[in-house]
Structure formats: structure tokens, C-alpha cells
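The following exchange concerns one protein model shown with a bound ligand. Please consult the sequence and the coordinates while reading each answer.

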Amino acid sequence: MSSPTIRAPRGTYDVLPDLAVLRAEVEQTAAELLEAAGYGRIETPAFESTELFSRGVGQSTDIVQKEMYTFEDSGHRSLTLRPEGTAPVCRAYVEHGMHKLPAPVKLYYFSNFFRSEKPQEGRYRQFWQVGAEVLGSHDPATDAESIVLAHTLLDRLGARGLRLRLASLGSPATRSAYTADLKTHLRDKSDELSPQVRARIDLNPLRAFDSDDPGTRRVMAGAPRLLDRLSPEDAEHFDEVKALLAAAGVPYEIDSTLVRGLDYYTRTLFEFSSDALGAQSGVGGGGRYDGLVAQLGGPPTPGIGWAAGVERILLSAGRQPSPPVGVDLFVAYETDRRQAFQTMLDARHHGLRAQMELTGRSLKGQLKHADRLGARFVAVVDDDGLQLRDPRSGTQEPVDSAQLIALLQAEVPS
Ligand code: HAM
């Protein structure tokens, strides 16, 4: 009896070669764009102390409440597979004393993240983000620069139907005064709210703006808005971000109901969505987090950043798998495997893309395989030695190895 097959865990997927080519393009485009803007790459560990996320991302968030993969190691330490990248980057910033570097410090990543969400198209339990963080600047030009870079990246990668929503959360003091008023509004109308929203009035009242429930939506239409309560300094900061974006020609909509599922945000908040995506329409998002580094035990340091989902970028761009890398020379053989092997290595040594027969096919089968691979040239090792074969006419003529390489080099564009 054969053993049952083992599949990848639900909500995860394998990156097969065609998809790997597309993902490498995202990574390379991001690297070129962000490095030219002064960002250096950072990679943090796939797991961290659980406390980093409960303190950094926030106890009241869905991520911390129900989406983290948390486990205990053999030393009874609680560890968590990273659900996001901002808290880890801030942890690394503090741990490596990066606050002593000239400000601002600009970092980017291309990493995998883990959230125990219900899987569907565009939503996975292991997914990749390209993200960028800037630490050490309050300047509204930093906010605008971040947003412009995210926009440029999505645009270069061909994301379709993009929409940018923008808001400001003000300072923590403004936000907590506002949250108290919002709770009062929700409590006054609690019988019109959905049970889920009602149960979370104290924990996370802002999430009520995200609800699809008709009763909740009616209540939220009349709810106070944080954007109307900004302090003069926060309003001035936000006005400058908007002016810089307008000058950069990046279209945006102000959305006073924008909520994001992370507690660390202050001031500027933004999200990119795509009409080309279904229910999971968020392609990327971010914002300012001026209190996070201090909350993690570092010196008070402002920060701003964003992350975009690699799978969602590719989905929204509608990218088809690219053709595989070509083959310049296929070495078939009837007699001398060693000569075939050496010919292949010589060709590779001279920069050619060469392969040889590896499964013991008949010569006919080998030629068919070379054709399937799209090999531009085929060499055959038979009783008469090394031959160059014209795949179209089927004629063969003897060559020595040096002639073969010279001929291929002349024919194959470098
Ligand atoms: P986020 O909005 O939670 O923000 O995630 C950013 C992007 O990651 C989303 O817009 C989406 O494209 C993608 N994403 C999130 N969850 C999934 C999933 N389960 N499957 C597939 N893609 C997903 C953050 O993570 C913040 N750290 C962004 C940030 C950086 N804020 C400041 N700096």
C-alpha cells in the first residue's frame, strides 16, 4: 500500500520556477528604486519574542488577538512567527544602536510574514511583503517621499486600478480624547450596532468604521471624525504632506474613515487598494509611528513606513508566468557520456547556457527533448565523435570542442 501524500499547509503555497521569476522581478525593481532613494536592505529573523508584537503591534489588534503563530521553545520562552515587519525593524534599530547613525535611517525588506487568517485568493497564512521604513525624521517630506516611493513601485510593477486613501490620526493625546467620544457615540447607539462591533466598543472602537453591517454603517455615518479634531500642528503637518503629494502628481483621496489594523500609527496614515482585486483589495499601506521606538525601549524616535503584499501586487498586475530561461546548447550522446559532460562544462565555462541528457533517453528521445527545451543548438556525441547538428534540417557535421564554442559564441547574443 502506498503512503498518503503530504501537502503544503492550508493557506501556504509553493513558489515554482515560473512564479519565482515574477517574484524576483518584484524584488529587483524594489531594490533598484529604494536603494536609489538611500534605503539599505535589512532582514530580521522569521521569529521574535512574542512580547515584541504584543507591545509593538498592540493588544487590541486582530493580529495580536487571533492571528499570531505563537509557540514556546525548549527554554519556555514565548516566540512568534513575525506577522509584520515594522516592530522587528524598530527592535533591530534599537538593538544595533542605529539611532547613533546620521538621521534619517532608511531601511527596506523583502520578507515572509505569517498570519493565521482564513485563506482565500490574495490572503495566505505565509505571504511576502516588500516594505520600507524611515527612522529619525518628523519632516512631512519624509511622509510624502514614502508614499511616492510606494506609488512608484506599484506603478512600475503594473498594479492596475490603484486608489490611494489618506488620513491623519494626529497625536496619541488627540486620538485618545477622540476615542473616548467615539465610545460614547457607539454606546448611545449600541442597539443599532452588530454584535461584533458592540462587543468591541471598549477594546477597539475605531474598527467599527470597517464594518459592513448596515446598522453599524448608519451609526458610523453620524460618528465624530478624528480628522476634524487634529491639533493645529498635526493639521499643518498633514496639509504639508498633501501639498507635497499634489506637487508630485500622486492622486489621493482623503478618507476620514480609514482604519488600519495596527495600533502604532500616529499622524499620517495611508492605504493603496486595487480595483483589479476582489475582497482582499488592499495592496499596500502604512503610516507614521512616532511612538513605537520608545515603546520598545529605545530613545524617542519618529518613524514612517509602508509595506505591500507581493502576492497582491502580482494579482493586481495580472502578470502571467514568464517563459523559462533559454538553452543555447543541448548535448546529446550515444556513446561517450564523459565527452558529452565535458562539452557541456566547456560551453558553460564560456558563458553559454548548456544542458546535457541526464535520463538515458534514446537519441531520438534526446533530440525531441532538446526541441522541447527550445535549444538553439544541439551537439551529438556518437561513434564519429562530436557533431554539430542543425535542428531544422537534421544534418550533422563533425566539430572539435573549440570550434563548437567559437561558433556558438558568434551566434548567441551575449
Ligand atoms: P498591513 O496593512 O497589515 O501593514 O500589511 C501590508 C500589506 O501586506 C497589505 O496591504 C497586503 O497587501 C499584505 N498582506 C497582509 N496580510 C496578508 C495576507 N494574509 N496574505 C497576503 N497578503 C497580506 C503592515 O504589515 C505594516 N507593517 C505596514 C507598515 C510598514 N506600516 C508602517 N510601516
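Q: In which loop is P104 found?
A: The model is a predicted one. The peptide bond that leads from A103 into P104 is cis, with omega near -5°. As for its place, P104 belongs to the loop between α4 and β5.

Q: Which residues have the most contacts inside the largest nonpolar core?
A: This core has 46 residues. Elements that give two or more residues to it include α2 (50–56), β5 (105–114), β6 (126–135) and α6 (172–188). The residues with the most contacts inside the core are L135, L182, L186, F209 and M220.

Q: Which element gives the largest share of this core?
A: Among the elements that contribute two or more residues are α3 (62–67), α4 (86–95), α8 (214–221) and α10 (292–295). The largest share is five residues, and the element that supplies it is α4.

Q: Which residues does L182 touch, leaving aside those up to four places away in sequence?
A: L182 is one of the residues with the most contacts inside the largest nonpolar core. Once residues up to four places away in sequence are set aside, its partners are P205, L206, F209, M220, A223 and P224.

Q: How many residues does the other core have?
A: This other core lies apart from the one described above. Its members include A37, Y39, W128 and L149. Its count of residues is 40.

Q: Which residues come nearest to the ligand?
A: The ligand has 26 residues around it. By class, this shell contains nine nonpolar, ten polar and seven charged residues. Those that come nearest are E84, E117, Y124, E133 and Y265.

Q: At what distance is a nitrogen atom of the ligand from an N or O atom in the side chain of E133?
A: Backbone atoms also face the ligand's nitrogen atoms: a polar backbone atom of Y124 is 2.9 Å from one, and a polar backbone atom of W306 is 3.3 Å from one. For the side chain of E133, the distance from an N or O atom to a ligand nitrogen is 2.8 Å.

Q: What percentage of the ligand's exposed area does the protein bury?
A: The reference is the ligand taken alone, which exposes 660 Å². Of that area, the protein buries 95%.

Q: Which element gives the most residues to the shell around the ligand?
A: The elements that give two or more residues to this shell are β6, β10 (282–288) and β11 (303–309). The highest contribution is six residues, and it comes from β10.

Q: Is T80 buried or exposed?
A: T80 sits in strand β4 (residues 78–81). Its contacts, apart from residues up to four places away in sequence, include A46, F47, E48, F53, M68 and Y69. The relative accessible area of T80 is 0%, and because a value under 20% defines the class, T80 is buried.

Q: With which side chains does the side chain of T80 make polar contacts of 2.8 Å?
A: One such contact, at 2.8 Å, joins the side chains of T80 and T70. Another, also at 2.8 Å, links the side chain of T80 to that of T50. The partners are therefore T70 and T50.

Q: Is H76 buried or exposed?
A: H76 lies in the loop between β3 (70–72) and β4. Although it is not a glycine, H76 has a positive phi of about 60°. Its relative accessible area is 63%, and because the cut-off is over 50%, H76 is exposed.

Q: Is R267 buried or exposed?
A: R267, in strand β9 (residues 266–274), has a positive phi of about 50° although it is not a glycine. Its relative accessible area is 15%. Because this value is under 20%, R267 is buried.

Q: How does D212 count by relative accessibility, buried or exposed?
A: D212 lies in the loop between α7 (195–199) and α8. Its C-alpha atom is separated by 9.4 Å from that of S194, 18 residues apart along the chain. At 66% relative accessibility, which is over 50%, D212 counts as exposed.

Q: What is the C-alpha to C-alpha distance between E25 and L157?
A: E25 lies in helix α1 (residues 17–36) and counts as partly exposed, at 31% relative accessibility. Leaving aside neighbours within four places in sequence, E25 is in contact with L157, R319 and S322. E25 and L157 are 132 residues apart in sequence, and their C-alpha to C-alpha distance is 8.5 Å.

Definitions and conventions:
Residues numbered from 1 in each chain as written. Predicted model: local features only at pLDDT ≥ 70, side-chain atom pairs only at ≥ 80, totals over all residues. Heavy atoms only, no water. Core = buried A, V, L, I, M, F, W, Y, C linked by side-chain atoms within 4.5 Å. Buried < 20%, exposed > 50% of the residue type's maximum accessible area, 1.4 Å probe, protein only. Helix = DSSP H or I, 4+ residues; strand = E, 2+ residues; numbered from the N terminus. Contact = heavy atoms within 4.5 Å. Near = heavy atom within 4 Å. Polar contact = N/O pair within 3.5 Å; in protein donor to acceptor, adjacent residues only side chain to side chain. Areas by Shrake-Rupley, 256 points an atom, 1.4 Å probe, with all protein chains shown as cover. Nonpolar A, V, L, I, M, F, W, Y, C, P; charged D, E, K, R; others polar.
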